[in-house]
Amino acid sequence: MSGRMDGRHLEENQKQDEEEEEKDQVMSEVHLGCPPHTSGPHISRFTISTPPEIEYSRLCYLFNDQPAGWHQKISQDEDGDLLVPRRRKRCPYSFNVTIQHNITSSVRSVGLQVWKAALVLADFVLHKIFTSFEFDGVVSLELGAGTGLVGILLAQVAKTVFLTDHSNEILENCARNVQLNSGVLNYRAAIHVRELDWMNSWPPTVHTGNLASKEWYSWSSSEVEEVQEASVLVAADVIYSDDLTDAFFTILERLMSLGQEKVLYLAMEKRYNFSLDDLEVVANGYSRFRSYLKDDGECEGVQLGSFPFVGKCMDLALIPQYVGEYNRGNNVELWQIKYAGRKT
C-alpha cells in the first residue's frame, strides 16, 4: 500500500512541477516587437538580403525563379539584330523566410521560439552559401532545431537535412515551417523532421511498421545510417542547463565518432546570473560548456585527455548580417567544434 502511495505522490509532485514550469514563461528578445499576447502561434517574416557581389548563376540556383526586376529588356537595332545590354552592377536581392513561433513559452518548450543565436547561426550559414560551395551536397544534422530556421536555409544547397528536437509540439511546428517556406525557397535537400532525445543514447529507436501519428517523427534504419555519414552538424542556443549540456556532449561524442569526420557549428548566448555561491554575476552555463572543450589555439603539444572536443570561437565581425530583424549585441558566440577522439 505504501508503495502505491509513494508512486502516487511522485506522480502528483511531477505534475505539480510541470504545472509550475508552465506558469514560469520565458521570452526571447527577438520577439519584443511582437503583439503582447502569450498564447498560440505567431507568424514572423524575416527579411534576408543577398550581397551585391553574389554570382547571378548562383542566385538563380538558390531560388525557384529569377528575382523580380532582374529581367532585362531585349531590344533590336535598325537591322533587326538583337541588342544584348551589358549587365549592370547588381543590387542586393531580398526575400522573406516565414517562421511560425510562440512569443513566450515554458523553459521546457523554448524550441517554439526564435532565439538570437539561431539568427547568428543563420547569418553564418547564409554567408557560406553565398560565398562558397562548402555546404553544397552535404548531409547535415541540426540538433535542437526548434523552429527549423537554420536547417531550412541549409536545405537550399545540402543533399539531406535532418531537423531534430524533442516533443511533438516542437516537431510539428518545425515541420509546419518547412512547409510554409517551400514556395519561396528552392529546397535542394530532402528534409526530415525527426525526434531526438539527448537523454537517450544514439542510435535512436528505429520504426519498422506503418507510421502512426505518434510515430510520424520516428527514424528509419536508412536515415540513421545516413546521419552517421553526415559531415556538418549545427546547433543554436542549446546551452542553458548543466544536465542538458552534459547530455548534448554525450550524444555529440557518439555521433562525431561515427562515419566520416564531422564539424559542428554552434551558436550560443552567454547568459549571466547572480550566483549566491560565487557572490558575483557569472555565466554558469557557459562555464559548463567550456569544460568540454580545449581551445584550438591551445592544443599543440597537449594531451587532450578529458577534452575530446576542440573548439574555435569564430570572429562574428567577419560574418555579415543578412537577417535584418535583430540586434546581435555582444553576448553571442559562434563556435566551430571538432571531435579529437577519432581513431585515424
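A salt bridge is taken here as a side-chain nitrogen of Lys or Arg within 4 Å of a carboxyl oxygen of Asp or Glu, and by this rule the count comes to eight. The model is predicted, so that local features need pLDDT of at least 70 and side-chain atom pairs count only at pLDDT 80 or more, while totals for chains, interfaces and linings use all residues. Residues are numbered from 1 along each chain as its sequence is written, and side-chain values use heavy atoms, with hydrogens and water left out.

**Exercise 1.** Find which residues are joined with Arg288 into one network by salt bridges that share partners, and state where they lie.

*Solution.* Begin with Asp242, whose side chain meets that of Arg288 in a salt bridge with an N to O distance of 3.6 Å. This pair links distant parts of the chain, Arg288 being in helix α8 (residues 284–290) and Asp242 in helix α7 (residues 242–256), 46 residues apart; helices are DSSP runs of H or I with at least four residues, strands are runs of E with at least two, and both are numbered from the N terminus.

Next, the side chains of Asp246 and Arg288 form a salt bridge at 2.7 Å, N to O. Asp246 lies in helix α7 and Arg288 in helix α8, so this pair ties together parts that are 42 residues apart in sequence. The network therefore consists of Asp242, Asp246 and Arg288, joined by salt bridges that share partners.

**Exercise 2.** Decide for each member of this network whether the residue is buried, partly exposed or exposed.

*Solution.* Apply the cut-offs for relative accessible area: under 20% is buried, over 50% exposed, and anything in between partly exposed (1.4 Å probe, protein chains only). Arg288, at 30%, is partly exposed, and Asp242, at 33%, is likewise partly exposed, whereas Asp246, at 18%, counts as buried.

**Exercise 3.** Describe the salt bridge between Lys270 and Glu333 by distance, location and burial.

*Solution.* First, the closest N and O atoms of Lys270 and Glu333 are 3.8 Å apart. Second, Lys270 lies in the loop between β11 (263–269) and β12 (273–275), and Glu333 in strand β16 (residues 332–339), so the pair ties together parts that are 63 residues apart in sequence. Third, both partners are buried, Lys270 with a relative accessible area of 18% and Glu333 with one of 14%.
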